[in-house]
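Hi,

Here is the structure I said I would pass on. Have a look at it first, and then read my notes underneath.

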Amino acid sequence: MSLTDIGIVAIDVVFALAVLAAASGLAYLVYLTIREHTELKAAVRAPVGAVADPSRVRARRAPRSLRPSAVNQRVSSS
């Protein structure tokens, strides 16, 4: 195996790793989007009865956005 062949194989391996990293990053972003959507959708749902069961209300988690809130961002003057 010559040095050129080793270089070609190395380029192919690096390219395959880059494609794998891009695909896994995209899959993770899709997972986060679906999770955030389901959390926000569950928070909007109204209780079935006139007064919700207090134990269920306490057990329900507050929705939290995965995106930074504009309220929590600090702005510094330049």
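Before the aromatic result, the rule behind it: rings of Phe, Tyr and Trp count as a pair if their centres lie within 6.5 Å, and a pair is called tilted when its planes are neither under 30 degrees apart (stacked) nor over 60 (edge-to-face). Bear in mind that this is a predicted model.

With that rule, a search of the whole structure turns up one aromatic pair. The partners are Tyr28 and Tyr31, with 6.3 Å from centre to centre and 35° between the planes, so the pair goes down as tilted. Both tyrosines sit in helix α1 (residues 3-44), three residues apart, or about one turn of the helix. An α-helix has 3.6 residues a turn, so residues three or four places apart point the same way. What about their exposure? Tyr28 has 49% relative accessibility and Tyr31 has 44%, and because exposed means over 50% and buried under 20%, both count as partly exposed.

Now the fold. The protein has two helices and zero strands. Helix α1 has 42 residues, which at 1.5 Å a residue should span 62 Å, and its end C-alpha atoms are indeed 62 Å apart.

There is also a nonpolar patch on the surface, made of Met1, Leu3, Ile6, Val9, Val13, Leu17 and Leu20, with about 770 Å² of accessible area together. Leu20, one of its members, is in helix α1 and counts as exposed at 56% relative accessibility.

As for burial, 4% of the 78 residues count as buried. In α1, the buried residues include Leu32, Glu36 and Glu39. The accessible surface of the protein comes to about 7300 Å², and 66% of that belongs to carbon and sulfur atoms.

Cheers

Definitions and conventions
Residues numbered from 1 in each chain as written. Predicted model: local features only at pLDDT ≥ 70, side-chain atom pairs only at ≥ 80, totals over all residues. Heavy atoms only, no water. Phe/Tyr/Trp six-rings, centres within 6.5 Å; stacked < 30°, edge-to-face > 60°. Helix = DSSP H or I, 4+ residues; strand = E, 2+ residues; numbered from the N terminus. Buried < 20%, exposed > 50% of the residue type's maximum accessible area, 1.4 Å probe, protein only. Patch = residues over 30% accessible without salt bridge, like charges linked within 9 Å, V, L, I, M, F, W, Y side chains within 5 Å. Areas by Shrake-Rupley, 256 points an atom, 1.4 Å probe, with all protein chains shown as cover. Salt bridge = Lys/Arg side-chain N within 4 Å of Asp/Glu carboxyl O. Expected span 1.5 Å × (residues − 1).
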